[in-house]
Amino acid sequence: MSNNLLRIQGLNVSITNRSGQTVQILRDVSVSAQDGGILGIVGESGSGKTMLLRSIMRILPENATQGWGAIDFDGRDVREDFARSRLPISMVFQDPLTSFNPLRRIGGHLTEVIKRFQGVRGKAAHELAVQALTQVEIPEPARVLGQFPHELSGGMRQRAMIAMALLVQPKLLLADEPTTALDATIQAQILALLAKLRQEEGLTVMLVTHDLGVVAALCDRMLVMKDGVVVEEGDVEAVFASPQHPYTRQLLDATPNVMGGAHE
Amino acid sequence: MARFILRRLAQLVPMLLLLSFVVFTLIHFAPFDVINAITTPSMSEETKQMMREKFGLDQPFWVQYWLWLSNLLQGDLGYSLVSRYPIADELATRLLNTFVLIFPAYLTAFILAIALGLIAGSRPGKRVDRFVDGVCSVAIATPTFWFALLVIAFFGFTLRWFPILGMHSVGKDGDPLDFLAHLAMPFLVLVIALFPELTRYVRAATITQYGQEYVLVQRAYGASERTILTRHVSRNILLPIITQLGLALPLLVTGAIITENIFSWPGIGQYILQASLSLDYPVILSILLLSATLVILGNLLADVLYVAADPRIRIGKRSR
Amino acid sequence: MSVVDESQSGQGSRSFRRIFYAQRGSVIALSVLGVLVLLCIFVPLLPFEGSSTNLGLRWLAPSGQHWLGTDELGRDYLIRVFEGGRISLLVGFAATALSMTIGVIVGLASGYFGGRVDGVLMRGTDFLSSVPWMVLVIVASVFFKPGLVTIILIIGFLSWVPTARLIRAETLSARERTFVGYAKFIGENQLRIIGRHILFAVIPVVVVAATSTLSSAMLTESALSFLGLGVQQPLASWGSLLNTAQSSLQRAPLLAVIPGFLLALTVFCANIVGNGLRTALTRENEL
């Protein structure tokens, strides 16, 4: 249970803007994601949640610098080859419409990832792509492969994005507010899909959200961030029951009936 | 698609009619008498009056406009006041001459611009980008005619590599080598005049594309910089670039006014300037009409190309 | 994303100035522009000999007496070049002022009133921009007697379209901001709202548009004068000097090199200053 798939300590990220000023985005952040669990990361916009995920994916902006204390992945110290080797981590982004290249078909996106991560091409790759779409419960997968991103509905697009993430064969899935751009009913479906994948695939998930209801419903542990610093971390129920940091208390107060509301 | 084009063409009709009306009004009220283009001073007043009636020049404004418009639609643009030749014939010859000059120049500039713009835009702020940007800044600030004079002084007078005037040497009308030698300097001048704006455009489009989220996503999914450029960014840049091709259509007529005049290239640009210096109103206004028509058609072409190239726009089908 | 606020020092125009001065290129360009303007204003006023024609001194090479030699009528070319520059700059600034006035009025009216006013004005600008610029200018120059005033009017009256579009867009966004809504709510007079709130908001855009209009106006003037449709003898501009120099290009290439170089330098500097202003503006908005 207490096995950590990913453990990061002392992560610092700063960005130098064009006028030469340096702004620290993340300050001494430590995160651990339990194997097979869902970690919820909450905080207001600008608190550094997204930057945390981006630094794990190594897709920080060019003008950013990062420094680590320690990184362990799957029980191994990966600090040395973190920049070089491709760890089994993938990420789902906030807006599925802008996440896809608008001029490439869904199939093109998926087969490219299959070729890169599984070394499979042609017909076999097509088969894998169909499987992945089936896994995320997209109807008529073969037809969807031939469609452009704009031809799908928002929920279908996000499912396709999750399918693309699964084709990396990840152990850890990062999700950056994956339902913010979607309708409320679709949101619930996508979250249910994530929960199902965790169950079936044994995926570990790090879910960034600003919705405490989602955290209460879905996550095992949670992390509260403010101004680039982790202010609170713990089991979801413990944090909800007795928040330690005043900011967490503030967040909980601003969300009425969190525990009840989410389960309805 | 065909219906889209037809609908857009139908929308053009009022614009073109308005344009032709403005041009005709200008002709009508310009300080000259059209009859002088087809008569000689030795003709008697009676003959002139007969010609006037024959061509409907004694009719009221609206009737004349109608006559002019129907002639126009049959390809009859009237006569030059100076040479007394039919304008349409002269325009046709000169259009071809301008085309053989500016088409290769625009194509070269276009390809150069795509290459430079992609290189610079994919590495914004880096040395190569600053270099390309610097070259463009200098080229944009350089007046075309001045650059042409420098080219003539250097390649024409000092090195004596290329002939300075015209399209052909006397008596060598069909000689392709002679033609190419004449083409060299105006071609160079035009490429330098055309490429910087296009390069800036491609560079800006490239930077915009690199700022898109899908590039970030591709990076997260392990795509190499090369894959991102060739498979993803370049496709998206092609779209705005293609529309530039349509907008370039009027350049085929009026893109080389200065260059043609410096090198005495017998094209449209030289025609309109000669006409304007000798106050040959019908010629000037015909070219005005022609070039404005091309702008309007060019915009249509740009729209059509855009629609054809972008899968997000589907005409006729309902998008889901 | 700002976590640590280190940008509190700069407020409004102060940070604007700081960023502008951080761009050394723009400052150098502005200085060069200033020096050129001063030279063009004052050099022809200096009591040098040689501004009169003297056919005995035609096409002299540069010397201690005539630093840039003499032209086809034996006039000192240094003085001649700065006289030409004076006219070029005069046309440039006057045409820009006219163009800005029209562009700002059309843009403000179109953006502020919207609806039918906007429709009519924007159709007009569409129509005007459906004729290639050079053709339009040539046609216009045929219908009027060529000369200094004509060229200013032609360039000014035909170059305001891009400015009007920019100002329109800026006005639209300024109109949406709350203080305009408030001013309307408390019943302030329409013209006063435009004059007080919106005009103030669009001034930065006007300044940036003016630099690019200035350089394109100067390039247009020189092109027209070069083609013989602009400034007429005995007045000279950089463009008409180049026209004259074309015929003696083989004998005296320097006569063509100098005015063209100064023109290119002026346009280049104006563009650099414009870019600097534009960057400074966008960065100030970012901070």
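**Exercise 1. A pair beside a hairpin**

Is Lys226(A) buried, partly exposed or exposed? Determine this, and then describe the surroundings of Lys226(A) in the predicted model.

*Solution.*

Step 1. Lys226(A) has a relative accessible area of 25%. Buried means under 20% and exposed means over 50%, so Lys226(A) is partly exposed.

Step 2. Strand β10 of chain A covers residues 221-226, and strand β11 of chain A covers residues 229-235. The two strands run antiparallel and are joined by 6 bridges. As one example of the pairing, Met225(A) has Val230(A) in β11(A) as its bridge partner.

Step 3. The hairpin of β10(A) and β11(A) has 2 residues between the strands, and Asp227(A) takes a positive phi near 50° there.

Step 4. Lys226(A) and Asp227(A) meet through their side chains in a salt bridge, with 3.6 Å from N to O. The relative accessible area of Asp227(A) is 33%, so this residue is partly exposed as well.

**Exercise 2. A charged network that involves two chains**

Locate Arg104(A), list its contacts, and state which residues are joined with Arg104(A) into one network of salt bridges.

*Solution.*

Step 1. In chain A, Arg104(A) belongs to the loop that links α2 (96-99) and α3 (106-118). Its relative accessible area is 11%, which means that Arg104(A) is buried.

Step 2. Neighbours within four places in sequence are set aside. The contacts of Arg104(A) in chain A are then His109(A), Glu112(A), Phe148(A) and Pro149(A). In chain B, Arg104(A) is in contact with Arg231(B), His232(B) and Arg235(B).

Step 3. A polar contact of 2.3 Å connects the side chain of Arg104(A) to the side chain of Glu112(A). Glu112(A) is buried, at a relative accessible area of 5%.

Step 4. Glu112(A) also forms a salt bridge with Arg116(A), in which the closest N and O atoms are 2.7 Å apart. Because Arg116(A) and Glu112(A) are 4 residues apart in helix α3 of chain A, about one helical turn separates them. Side chains of opposite charge can pair when their charged atoms come close.

**Exercise 3. Chain B, and a link within it**

Describe the make-up of chain B, and explain what the salt bridge of Asp129(B) ties together.

*Solution.*

Step 1. Chain B contains 13 helices and 0 strands. Its C-alpha atoms fill a box of roughly 85 × 65 × 35 Å along the principal axes.

Step 2. Chain B has 320 residues, of which 45% count as buried. Among its contacts with a separation of 6 or more, 74% come from residues 24 or more positions apart.

Step 3. Asp129(B) and Arg203(B) form a salt bridge whose closest N and O atoms are 2.6 Å apart. Asp129(B) lies in helix α5 and Arg203(B) in helix α7 (residues 176-210), so the pair ties together parts that are 74 residues apart in sequence. Asp129(B) counts as buried, with 3% relative accessibility.

Step 4. The network asked for in Exercise 2 can now be completed: salt bridges with shared partners join Arg104(A), Glu112(A), Arg116(A) and Arg231(B). In the whole structure, a search over all chains finds 22 salt bridges.

Step 5. A further pair shows a separation in space. Leu67(B) is located in helix α3 (residues 61-73) of chain B and is partly exposed, at 33% relative accessible area. From Leu67(B) to Phe131(B) there are 64 residues in sequence and 57 Å in space, C-alpha to C-alpha.

**Exercise 4. The interface of chain B and chain C**

Characterise the contact between chain B and chain C by its area, its residues and its polar pairs.

*Solution.*

Step 1. Chain B provides 39 residues to the contact and chain C provides 32 residues. The buried area is about 3000 Å², and carbon and sulfur atoms give 85% of that area.

Step 2. On the side of chain B, Phe145(B), Trp146(B) and Leu149(B) lose the most area to chain C, together 21% of what that side buries.

Step 3. Across this interface there are 0 salt bridges and 2 residue pairs in polar contact.

Step 4. The elements of chain B that give two or more residues to this side include α1 (2-29), α5 (127-141) and α6 (144-158). The most comes from α13(B), with 8 residues.

Step 5. By residue type, the side of chain B that touches chain C divides into 32 nonpolar, 6 polar and 1 charged.

Notes:
Residues are numbered from 1 along each chain as its sequence is written. Chains are lettered from A and ligands numbered from 1 in the order in which they are written. This is a predicted model: local features need pLDDT of at least 70, side-chain atom pairs count only at pLDDT 80 or more; totals for chains, interfaces and linings use all residues. Side-chain values use heavy atoms; hydrogens and water are left out. Contact means heavy atoms within 4.5 Å. Buried area is the accessible area (1.4 Å probe) that two parts lose on being put together, summed over both. A salt bridge is a side-chain nitrogen of Lys or Arg within 4 Å of a carboxyl oxygen of Asp or Glu. A polar contact is a pair of N or O atoms within 3.5 Å; within protein, one must be able to donate a hydrogen and the other to accept it, and residues adjacent in sequence count only if both atoms are side-chain atoms. Ala, Val, Leu, Ile, Met, Phe, Trp, Tyr, Cys and Pro count as nonpolar, Asp, Glu, Lys and Arg as charged, and the others, Gly among them, as polar. Buried means under 20% relative accessible area, exposed over 50%, partly exposed in between (1.4 Å probe, protein chains only). Two strands pair if DSSP finds at least two bridges between them.
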